[in-house]
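Reader: I'd love a close look at one part of this model, taken slowly and in a connected way. Could you walk me through it?

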Amino acid sequence: MDWSSFTKGFFLNRETLVAVLLLVDASVPPQKIDLDCANWLGRNDIPITFVFTKCDKMKSGKGRRPDENIRDFQELIRQNYRQHPPWIMTSSLTGLGRDELLLHMSQLRNYWED
């Protein structure tokens, strides 16, 4: 089975799916694969939370700050969402966003248990 069709089928048919956490590298400009995935999820009304990783650094030679890359990403996916999905900035190096992400996941779990 094709991985893409398996994954899409899972997202479309999983009744207990509360949300998808899409990890996006914020240290580089928006990548086509991330945009395609985010746009597909949005067009199919699948709940999503963007988890922007590596928010503590910039790739050498790229010249863009993570917050600029995040803003560009959000602008590029805006057309496929009625309401902008939640997003969390994270860094495994500094711990940025750790507590916020854990709280968010806990709230999603509580939603599923209701």
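Which residues line the largest cavity?

Author: Happy to. Please keep in mind that this is a predicted model. The lining of the largest cavity is made up of Val-24, Asp-25, Ala-26, Val-28, Pro-29, Pro-30, Phe-52, Asn-69, Ile-70 and Phe-73. The space inside comes to about 30 Å³, and a search of the whole structure turns up one cavity of 30 Å³ or more.

Let's see where those residues come from. Helix H3, residues 66-77, is the element that gives the most to this lining, with three residues. Strand E1 also supplies at least two residues.

E1 deserves a closer look. The strand covers residues 20-25, and its side chains alternate along the way. Val-20, Leu-22 and Val-24 point to one face and are buried. Leu-21, Leu-23 and Asp-25 point to the other face and are not buried. Two neighbours in the cavity lining, Val-24 and Asp-25, thus sit on opposite sides of that pattern.

Val-24 also leads us to the next strand. Its bridge partner in E2 is Phe-52, and Phe-52 is itself among the lining residues of the cavity. The pairing of E1 with E2 (residues 48-53) is parallel and runs over six bridges. Between these two strands in the unit comes helix H2, residues 32-43: E1, H2 and E2 together make a right-handed β-α-β unit.

From E1 we can also step across to helix H4, which spans residues 98-113 and holds His-104. Apart from neighbours within four places in sequence, His-104 is in contact with Leu-21, Thr-49, Pro-86 and Ile-88. Leu-21 is one of the E1 residues on the face that is not buried. With Thr-49, the His-104 side chain makes a polar contact, side chain to side chain, at 2.6 Å. His-104 has a relative accessible area of 14%, so it counts as buried, the cut-off being under 20%.

Finally, a word on the open space. The largest pocket has a volume of about 330 Å³. Its lining takes in 17 residues, and the closest to its centre are Pro-47, Ile-48, Tyr-81, Gln-83 and Pro-85. H2, E2 and H4 are the elements that give two or more residues to this pocket's lining. For the cavity we began with, E1 and H3 are the ones that each supply at least two.

Note on methods: Residues numbered from 1 in each chain as written. Predicted model: local features only at pLDDT ≥ 70, side-chain atom pairs only at ≥ 80, totals over all residues. Heavy atoms only, no water. Helix = DSSP H or I, 4+ residues; strand = E, 2+ residues; numbered from the N terminus. Buried < 20%, exposed > 50% of the residue type's maximum accessible area, 1.4 Å probe, protein only. Polar contact = N/O pair within 3.5 Å; in protein donor to acceptor, adjacent residues only side chain to side chain. Contact = heavy atoms within 4.5 Å. Pairing = 2+ DSSP bridges. Right-handed = clockwise from strand over helix to strand, strands pointing away. 1 Å grid on protein atoms, 1.4 Å probe; cavity = no way out; pocket = protein on both sides within 12 Å on 5 of 7 lines; lining within 4 Å. Points joined across faces, edges and corners; volume = space filled by probe spheres on them.
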